[in-house]
Amino acid sequence: MRRVSLLGLSILLSACLRAQDAAVLMERLTGPSSHLEADLRVLTDEIGGRPTGSPAYERALQWGVEAFRRAGVQDVKIEPYTASAKWQPVSASAEVLEPFRFPVRVVSFALAPSTSPGLTAALVDGGSGRPEDFEKLGAKARGAIVLVRTPPMNSFDDLFAEYLAGPGMMQAAVSRGAAALLFCSTRPRDLLYRHSVTWGAIAPIAMGQVRREDGLRLGRLLDAGKALRMRLDLQNDVGGPWQAANVVAEIKGSEHPEEIVLLGAHLDSWDLGTGALDNGVNCAMVVDVARAIAAGPRPKRTIRFALFTGEEIGLLGSRGYVHAHRDEMSRFVAVLIHDIGDGKVTGYYTNGRPELDAPLKRILAPVAAEGADGTKDEAILGTDNFDFLLEGVPNFVADQQTERYLADYHAESDTFDKVDFALARRNAAIAAVAVLGIANAPSRLGPRQTRAEVEKVLETNKLDSQMKTYDIWKDWETGARGRTK
């Protein structure tokens, strides 16, 4: 992957910063003086995986405060919010007991409760987890551990299909009186990862994941007519509600300080790996962009930098931030979120607002030669832009290549050594161009949408059905979440 040339970067940032020495500023973002790699090493190697509410999460909050201050941003604070659930894994083990005895490797799903002490039960075949599969099981599911044979995950479509199918499978298992659900890992070669099925609430049934090789073995034995009995022991520490927090930093605007552009990424991660690609690299990137901008001159509009937590358990940090700042949502000019690792940025999702394509492309014109000025109008439910979308604020999610990211997503393999720092620094330069371009533009990119306009975005992009699947539509209907008029 070629780097942006220094000449190109000088032209690129001159368009945004004018009098600023663009070459010096860009050298801080793309050259050896960048702190991105060093900051990420501390976050991943020294702090590690960071589930919201864990001791590592507490250390990560302090990392964020100190990193912004080292970057020259003095207006930094930890902002509290109420998180609806608290979850941490304690231990996980499993073993087939009859008619053969062998161990199987498992982890608990996130936000799932513990199994009953010493759970020993029949393992029954839940097929692919479709309603007809549970219908076929009938009374066999009661008190049993139900194995779901999840297909391999090869694309983002596969990943979203896995997420969207989960709630239905969970409810079917509960209605059939199952003792636990056991999903086959979608990744090969002994790789386990952690997902949640519920958003911000503790699930009603214990759920685990078995490594793919073990899951396929179990499936073959069931196909051969073997009556399997197994022990499944998943112990988790659950609780809530409780007070969690985000890290927020700010550079005040020189001409329109009341207007805000926000650049954000989520600081929390799962604990099996060390959260390098999801999403530590983008947290370090946000800090590095803040460092470059803090060197001056000041942007015309205020720029805020947010490291949200609680993203992995239901976008709780960004939801809490929006709720706390609800009275000033009309002051937000734009929100930009980066959440697909170090994947090459090719532009931004405009989240159901095609009228923003043209003004955003003008902002991104300096990086057009790098292939980074693309726009996609699809609206996304799944990262920290979402509650800003519900409030009608122009919101953008970095459109990044996903090939390398998917293999390590939420997995044990998501570690520092997987990061391509040349790409990460390139992405930092693009994020700086986008944020500064919006902050210094002569006018806003677009207005805040009304509730009726937001609802049309939800319906057109089928986000309404996804919200119903995850039981969050009622918050929109009642006005507890999103713009009320």
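## Ground rules

Buried means under 20% relative accessible area, exposed means over 50%, and partly exposed lies in between, with a 1.4 Å probe and protein chains only. By that rule Phe-388 is buried, at 0% relative accessibility.

This is a predicted model: local features need pLDDT of at least 70, side-chain atom pairs count only at pLDDT 80 or more, and totals for chains, interfaces and linings use all residues. Residues are numbered from 1 along each chain as its sequence is written, and side-chain values use heavy atoms, with hydrogens and water left out.

## Confidence

pLDDT is the predictor's confidence in each residue, from 0 to 100. The chain has a mean pLDDT of 93. In all, 94% of its residues reach 70 or more.

Residues 1-23 are a weak stretch, with pLDDT under 50 throughout. The model gives this stretch 44 contacts beyond four places in sequence; a contact means heavy atoms within 4.5 Å. Where pLDDT is low, the predicted coordinates should not be read in detail.

## The open sheet

Helices (H or I, at least four residues) and strands (E, at least two) are DSSP runs, numbered from the N terminus. Two strands pair if DSSP finds at least two bridges between them. Here eight strands form an open sheet with mixed pairing, in the order 3-2-9-5-6-7-8-4. Strand 3 (102-104) and strand 4 (106-108) stand at the edges. Each has a single partner strand, so one side of each is left without a neighbour in the sheet. On average, neighbouring strands of this sheet are turned by 30 degrees against each other, direction ignored.

Strand 5 (residues 120-125) pairs with strand 6 (residues 145-148) in the parallel sense, over three bridges. Val-124 has Val-146 in strand 6 as its bridge partner. Helix 6 (residues 156-175) packs on the sheet and touches strand 6, strand 7 (180-184) and strand 8 (206-210). The direction of helix 6 makes about 145 degrees with that of strand 7. Axes are lines fitted to C-alpha atoms, for helices over the stretch in contact, and angles run from 0 to 180 degrees between N-to-C directions.

Ser-175 lies in helix 6. Ser-175 is exposed, at 55% relative accessibility. The C-alpha atoms of Ser-175 and Ala-141 are separated by 9.6 Å, with these positions 34 residues apart along the chain.

## Aromatic pairs

Rings of Phe, Tyr and Trp (its six-membered ring) pair if their centres lie within 6.5 Å; planes under 30 degrees apart count as stacked, over 60 as edge-to-face and the rest as tilted. The whole structure has 14 aromatic pairs. In one of them, Phe-308 and Phe-388 have ring centres 6.5 Å apart and planes at 50 degrees, so the pair is tilted. This pair links distant parts of the chain: Phe-308 is in strand 12 (residues 301-308) and Phe-388 is in helix 11 (residues 386-390), 80 residues apart. Phe-308 is buried, at 0%.

Tyr-405 and Tyr-409 have ring centres 5.6 Å apart and planes at 55 degrees, so this pair is tilted. Tyr-405 is buried at 4%, and Tyr-409 is buried at 10%. Ring pairs link both tyrosines with Phe-156 and Phe-160 into a cluster.

## Buried residues elsewhere

Helix 9 (residues 316-324) has several buried residues, among them Leu-316, Gly-320 and Tyr-321. Their cover includes strand 1 (75-83), strand 12 and helix 11.

Cys-184 is buried at 3%, and Cys-283 is buried at 0%. A disulfide is a pair of cysteine sulfur atoms within 2.5 Å. The count of disulfides by this rule is zero.
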